[in-house]
Amino acid sequence: MSQEYVTLMVTEEEANKVDSLFSSYKLERDEQYVSSSYKVEDTLIKIYESGSLLLSGENPLGFWRKNLSFIRMWLDEGEQIGSDEVGNGDYFLPLIVCSVYIRPSEIKVIEDYHIRDSKKMSDDEIRRIGPELVEKFNFVKLTLHNKDYNSLYEKGFNSNGIKALLHNKAFLEMKEKHSDCQSIYLDQFVNEKKYYSYLDGEENVATGVTFLARGESYYPSVALASVIARYNLLLYKDKLEAKYKMSFPTGGGSDVDEFQKQFVNKYGKEELEKIAKTSFANFKKI
């Protein structure tokens, strides 16, 4: 089985309880930023100086339920709206923002699907559970095609400004449906002041947003949003490949440079401009 990961936030009291429970499993090794670590059968426990606890192994969620349920899985287990995005670093794929609403009764469903950070889940796993998630949960999905992304970039928006615009729009749409929900979370990509500065001039701005880096590890709504967004990105990639009968690489590395040469030879640079983020350095290499 592949390695899976679960990240929890722990108090000093909880960290001491972990040490008491697993003192005989403590590892005597010095790692930067790690205050203590333990190996219990196939599960590795690391407690960081920042106050986070990392579980890694074949079934870290099961280990948490059996041994560490005194530590809360999430920072908030109440009614909430959370948002995340995918595709920002992909030369050929669009930017997709997803905002999700969940009730407390739905959190166990999220845990049963082993949903945490979508970047730590395989494409096969995302494809398997994606169809069920989009049927079970209430969400807003916004897709910014690269042609429109390029247009915004040419008007002076940078990538973070573009993301802020889309997240704000998704939050506003979700708040229209769930106006009483007061907890709104965002996987932080810039600080709060900078985020709202990008929205200067917008007629409507969703306020009361809580920003936290790696928010998908701490808020179930953000974790679910990241998975649904990635599922939709995979579906978009499927359509792109069916249209052009080519297998598109992700990201913006050297494999993308090589692929775009093949694409331009087959379809021309004008067609490339329709599907690529022309602000990327890759585009200058054609």
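These legends go with a set of close-up views of a predicted model.

**View 1. An aromatic cluster takes in Phe 248 and Phe 259.**
The model has 19 aromatic pairs. One of them joins Phe 248 and Phe 259: the ring centres lie 4.7 Å apart and the planes meet at 55°, so this pair counts as tilted, given that stacked pairs are under 30 degrees and edge-to-face pairs over 60. Phe 248 belongs to the loop between helix H8 (220–244) and helix H9 (254–267), while Phe 259 is in H9 itself, so to speak 11 residues away, and the pair links distant parts of the chain. Both Phe 248 and Phe 259 are buried. Zoom out a little and you can pick out the whole cluster, which is made of Tyr 91, Phe 92, Tyr 244, Phe 248, Phe 259, Phe 263, Tyr 267 and Phe 280.

**View 2. Two lysines have their charged ends over aromatic rings.**
Take Lys 17 to start with: its charged end sits over the ring of Phe 70, 4.3 Å from the ring centre. Then look at Lys 277, whose charged end sits over the ring of Tyr 149 at 5.4 Å from the centre.

**View 3. Helix H8 is mostly covered.**
Count along H8 and you get 25 residues, with 37 Å between the first C-alpha and the last. That is close to the 36 Å expected at 1.5 Å a residue. Of those 25 residues, 19 are buried. Just past the end of H8 comes Lys 245, with a positive phi of about 55°.

**View 4. Five strands make an open, mixed sheet with H8 packed on it.**
Reading across the sheet, the order is E7-E6-E5-E8-E9, and the pairing is mixed. At the edges stand strand E7 (138–144) and strand E9 (209–212); each has a single partner strand, so one side of each has no neighbour in the sheet. From one strand to the next, the twist averages 20°. Within the sheet, strand E5 (residues 80–86) and strand E6 (residues 95–102) pair antiparallel over 7 bridges. To get your bearings on that pair, find Ile 81, which stands opposite Tyr 101 in E6. H8 packs on this sheet and touches E5, E6, E7 and strand E8 (184–187), with its direction at about 35° to that of E5.

**View 5. Strands E2 and E3 form an antiparallel hairpin.**
Strand E2 (residues 34–40) and strand E3 (residues 43–48) run antiparallel and are joined by 6 bridges. Across the pair, Ser 37 in this hairpin faces its opposite number, Lys 46 in E3. The hairpin has 2 residues between its strands, and Glu 41 takes a positive phi near 55°. E2 is mostly covered, with 5 of its 7 residues buried.

**View 6. Asn 168 is a buried residue of helix H6.**
You'll find Asn 168 in H6, the helix spanning residues 159–177. Its relative accessibility is 2%, so Asn 168 counts as buried, the limit being under 20%. What does Asn 168 touch, leaving aside its neighbours within four places in sequence? The contacts are Tyr 195, Leu 199, Asn 204, Val 205 and Ala 206. Leu 240 is another matter: 72 residues along the chain from Asn 168, it has its C-alpha 27 Å from that of Asn 168.

Key
Residues numbered from 1 in each chain as written. Predicted model: local features only at pLDDT ≥ 70, side-chain atom pairs only at ≥ 80, totals over all residues. Heavy atoms only, no water. Phe/Tyr/Trp six-rings, centres within 6.5 Å; stacked < 30°, edge-to-face > 60°. Helix = DSSP H or I, 4+ residues; strand = E, 2+ residues; numbered from the N terminus. Buried < 20%, exposed > 50% of the residue type's maximum accessible area, 1.4 Å probe, protein only. Lys NZ or Arg CZ within 6 Å of the ring centre and 35° of its normal. Expected span 1.5 Å × (residues − 1). Pairing = 2+ DSSP bridges. Axes fitted to C-alpha atoms, helices over the stretch in contact; angles between N-to-C directions. Contact = heavy atoms within 4.5 Å.
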